[in-house]
Amino acid sequence: QSRPKSTSASQSYSSTRSKSATPSPSPQTPHPDGFFVPDVLRLLYNMSSAALNNISFSSTSIGVIQFDTTSSYSVADYIAFNNWSSKPAPIPTFLNITPSGYIVSTPDFESTLDIQYAASMMTPYVPNTQFYYWVADGWMLDFTEEYLSTPNNSRPLIVSISWVADETIQSCEYERNCDEYNVGTGAQNYVNRVNKNLQLMALQGVTVVVASGDNGALGNSNSDCQNTDYHSQFPASSPYVLSVGATMLDLSDTNVAYTPTSPICSSYSCANTKKEVLATYPASAITSGGGFSAYSSTPSYQIDAVNTYLSNNNLTSMYLNKRGYPDVSIMGNYLMILMNGNPGLISGTSASAPIFAGMLGVINGARKSKGKREVGFVNGVLYKIAAAGGGFRDVEGGSNG
């Protein structure tokens, strides 16, 4: 069995974690569709200061979850990145939840990416953001059990997870407290138990955002395309999470849609076009993950969308009544980060997940300022908005199969 892995498949200063991808070029290397930082993403998705100028915000919380006890981040890198890539914004309150014996080490690319994008998408607007950096010493069952046992005022309302593993090889093997859970044998028993916990989190108003994976429909265990077997990725395939895929810019689109003004864009080539397609190798360093769950049924909120997709693509009945993922997709190609004071590039759905989580954090802040509750389990609402023809752009190009 393979250890659950981060979905970030590429970076300019470390070896790739996914065999199907190649390292991104360095930021000094021009790229035809340009690079992204939070300010550019806000222009792409109509969340600039001008668009949100008349909206009030109240404080809220967000967290990123890591499953590597050697992972760490740098507040100094975050502050420098924030000043370098966005307009000056308040620094969030960083709250660390780490296992016993955890030792802060040098920053790693996954933690750096998650923090710099989830937080930076929020902080220009949402005051006093509480940002949780949560390191789980185990896998999804340990994390969800720990989360559910943590007091409400000491845990984030939005959770971003950038780690996946093949659904059909899930087990208690990587859990710290495996013997205590009485999960039973087999992947399906494990998945069902974690899904129960994720359902409880959804009922408690928690939004869990999960990257869909970086190896297309074939999944982590078949990233070399040794056969045509499809492998759904968990927890992205859970019906109780919001699964997020990755897009990239369409290189054929040359229409300038916005003009980035971030300080970094005076030194590096930032993106300025708008048409998106699925992030697909080799134009991207990754191929966005997606498919159908091996175990979970189609949830009610996506029945119409799944049936329409199957009908339009003449797919076989083997996918009927299964949970389809991802639910949404957002930019996940050539995003700049700052680690150990040095710029680097990341591509992957693990960039897309914290970006979307941060955008939901902005919505939560706006809702709280009006005395409303946070969005919570948001899937049903998003599917209704999409079905009504609002709020989303169709991603019609690219393939992950």
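Tyr334 is buried (under 20% relative accessible area, with a 1.4 Å probe and protein chains only), at a relative accessible area of 7%. Tyr334 lies in the loop between strand 14 and strand 15, where strands are DSSP runs of E with at least two residues, helices are DSSP runs of H or I with at least four, and both are numbered from the N terminus. The model is predicted, and local features need pLDDT of at least 70. Residues are numbered from 1 along each chain as its sequence is written.

Most residues other than glycine have a negative phi, and most peptide bonds are trans. Tyr334 has a positive phi of about 55°. Asn340 also has a positive phi, near 55°. Asn340 sits in the loop between strand 15 and strand 16 and is partly exposed (from 20% to 50%), with a relative accessible area of 47%.

Two peptide bonds that are cis are listed below.

| Peptide bond | Omega | Loop that holds the proline |
|---|---|---|
| Tyr281 to Pro282 | near 10° | between strand 11 (276–278) and strand 12 (291–297) |
| Tyr325 to Pro326 | near 5° | between strand 13 (322–325) and strand 14 (328–331) |

Helix 2 (residues 75–85) has these buried residues: Asp77, Tyr78, Phe81, Asn82, Trp84 and Ser85. Their cover includes helix 1 (38–44), strand 4 (93–97), helix 3, strand 15 (335–339) and strand 16 (342–347), counted by contact (heavy atoms within 4.5 Å). At the start of helix 2, a side-chain oxygen of Ser74 comes within 3.3 Å of the backbone nitrogen of Ala76.

Key
Predicted model: local features only at pLDDT ≥ 70, side-chain atom pairs only at ≥ 80, totals over all residues. Heavy atoms only, no water. Polar contact = N/O pair within 3.5 Å; in protein donor to acceptor, adjacent residues only side chain to side chain.
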